[in-house]
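The following exercises ask the reader to examine empty space and selected residues in a protein model. Each task is followed by a solution in steps.

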Amino acid sequence: MKNFILSFIGALFFSVGIGQTNLKPISKPLVSHMYTADPSAHVFNNKIYIYPSHDIDAGIPENDNGDHFDMRDYHVFSMDSIGAKVIDHGVAIDKKDIPWAGRQLWAPDVAFKNGVYYLYFPIKDKADIFKIGVATSKRPEGPFKAEPAEIKSSYSIDPAVFKDDNNEYYMYFGGIWGGQLQRWDNNIYQADSKLKTANEEAILPRVAKLSADMKSFAEAPRAIKILDKNGNLFLEQNNDKRFFEAAWMHKYKGKYYFTYSTGDTHNLCYAIGDNVYGPFTYQGIFLKPVQGWTSHHSIIQYKSKWYLFYHDTELSGKTHLRNIKMTELKYNKDGSIQTINAYQ
Ligand code: FUB
């Protein structure tokens with residue numbers, strides 16, 4: 001609870017700061033008839049498809065576990081091009097249609113292979129443990145049909161599936177605190193495990209190659225090293241740089257860019273590597289803290305430009321009722337990403 005109160009106070013000061021200095025958001029919400037968050041964007045059939053979380057007010061009080069994020073279904077959105085009308089394709093899947101589901105449909109992602117769209121989603125099982133599931137459709141907008149059970153050996157939250165140039169698919173995942181990553185040590189569940197203390201090495205995100213059927217892991221999940229420029233792992237006290245949740249992977253000019261949220265310090269950061277498994281070397285912040293507690297994103301190329309999809313709480317002012325947004329992402333000649341301040 002202490003963590004939550006401190007972070008909440010931080011987020012509150014940040015929001016007040018925006019008001020006092022008359023800063024304006026650089027982007028408008030893409031969707032305003034419902035609350036949406038955690039946008040995973042992809043280009044399918046020359047259109048942009050967005051797979052966000054669907055935030056609702058379930059009336060659950062805020063806590064460190066994120067119980068107030070009690071989402072129950074997903075809607076898929078599409079745009080014919082950047083800046084075009086955003087189309088809501090309706091409910092793509094509901095948790096009542098996921099046989100093993102308990103509660104809390106959090107940030108999803110989608111991959112396409114051989115005529116099938118695979119929706120990957122985290123949800124707590126009936127024992128209240130986050131696992132990752134998969135559902136399929138012949139259409140990018142769904143509806144999606146869930147597999148009868150979760151992906152074997154999956155755990156925690158925020159799956160992000162990356163297709164490498166060799167046509168292999170890799171799932172990056174994990175999130176600490178409410179995302180329960182701290183309970184998984186060497187892929188073994190330990191219900192009573194604790195968060196790291198300030199001087200301990202920070203918990204690392206995970207990656208696993210997907211099997212050819214896209215419905216299982218081809219290997220045991222591996223921890224991903226994020227190193228500082230001296231080659232050292234971050235400690236928990238480096239919480240303005242260490243991994244918290246919201247992994248994404250993209251490739252730019254042959255390099256692997258692993259991007260993620262620092263959670264309680266609200267930064268979106270990037271780290272670059274030469275290999276899909278890392279190690280990745282920390283480079284900096286590419287999106288400064290947004291309004292609200294969480295920050296989550298995806299990065300895509302559309303035609304010749306790159307775009308960042310992200311969220312804030314402009315419409316509601318409430319941390320669990322977010323709205324997705326989009327802005328252009330620019331690289332410098334040396335491959336570094338220009339830092340975005342979402343309020344100017
Ligand atoms: O939307 C629920 C959770 O909040 C996501 O899974 C996290 O990444 C954070 O955005």
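## Exercises on pockets, cavities and buried residues

The second largest pocket is lined by 19 residues, and those nearest its centre are Trp184, Asp185, Lys196, Ile203 and Arg206. This is a predicted model, in which local features need pLDDT of at least 70 and side-chain atom pairs count only at pLDDT 80 or more, while totals for chains, interfaces and linings use all residues. Residues are numbered from 1 along each chain as its sequence is written, and side-chain values use heavy atoms, with hydrogens and water left out.

**Exercise 1. State how confident the predictor is in the model, and where pLDDT stays under 50.**

Step 1. pLDDT is the predictor's confidence in each residue, from 0 to 100. The protein averages 95, and 94% of the residues score at least 70.

Step 2. The stretch with pLDDT under 50 is residues 1-17. For this stretch the model has 20 contacts beyond four places in sequence, where contact means heavy atoms within 4.5 Å.

**Exercise 2. Describe the two pockets by volume, lining and residue class.**

Step 1. Begin with the terms. On a 1 Å grid over the protein atoms alone, a pocket is an open set of points with protein on both sides within 12 Å along at least five of seven lines; a cavity is a set of points where a 1.4 Å probe fits but cannot get out; lining residues have an atom within 4 Å of a point. Grid points are joined across faces, edges and corners, and a volume is the space filled by probe spheres set on the points.

Step 2. The largest pocket holds about 590 Å³ of space. Its lining has 21 residues, and the closest to the centre are His42, Val43, Val161, Phe162 and Lys163. Two or more lining residues come from each of the strands E1 (35-44), E5 (109-113), E9 (160-163), E16 (245-252) and E20 (297-302); strands (E, at least two residues) are DSSP runs, numbered from the N terminus.

Step 3. Sort this lining by class: 14 residues are nonpolar, 3 polar and 4 charged. Here Ala, Val, Leu, Ile, Met, Phe, Trp, Tyr, Cys and Pro count as nonpolar, Asp, Glu, Lys and Arg as charged, and the others, Gly among them, as polar.

Step 4. For the second largest pocket, the volume is about 400 Å³. Strands E11 (184-185) and E14 (222-223) each supply at least two residues of its lining, which comprises 8 nonpolar, 5 polar and 6 charged residues.

**Exercise 3. Is Tyr155 buried or exposed, and which side chains does its own side chain meet in polar contacts?**

Step 1. Tyr155 is located in the loop between strand E8 (145-146) and E9.

Step 2. Tyr155 counts as buried because its relative accessibility is 0%; buried means under 20% relative accessible area, exposed over 50%, and partly exposed in between (1.4 Å probe, protein chains only).

Step 3. A polar contact is a pair of N or O atoms within 3.5 Å; within protein, one must be able to donate a hydrogen and the other to accept it, and residues adjacent in sequence count only if both atoms are side-chain atoms. The side chain of Tyr155 has such a contact with that of Asn187 at 2.5 Å and with that of Arg206 at 2.7 Å.

**Exercise 4. Locate Ser53 and identify its polar partners.**

Step 1. Ser53 belongs to strand E2 (residues 47-55). Ser53 is buried because its relative accessible area is 0%.

Step 2. The side chains of Ser53 and Asp38 form a polar contact of 2.6 Å. The Ser53 side chain also reaches the backbone nitrogen of Ala107 at 3.4 Å.

**Exercise 5. How many cavities of 30 Å³ or more are there, and what lines the largest cavity?**

Step 1. A search of the whole structure finds 3 such cavities.

Step 2. The largest cavity has a volume of about 320 Å³. Of its 27 lining residues, Phe69, Trp106, Glu245, Trp293 and Thr294 are the closest to the centre. The lining divides into 11 nonpolar, 10 polar and 6 charged residues.

Step 3. Thr294 also meets Arg322: their side chains make a polar contact at 3.0 Å. The side chain of Arg322 has a further polar contact with that of Asp55 at 2.7 Å. Arg322 counts as buried because its relative accessibility is 3%.

Terms used
Helix = DSSP H or I, 4+ residues; strand = E, 2+ residues; numbered from the N terminus.
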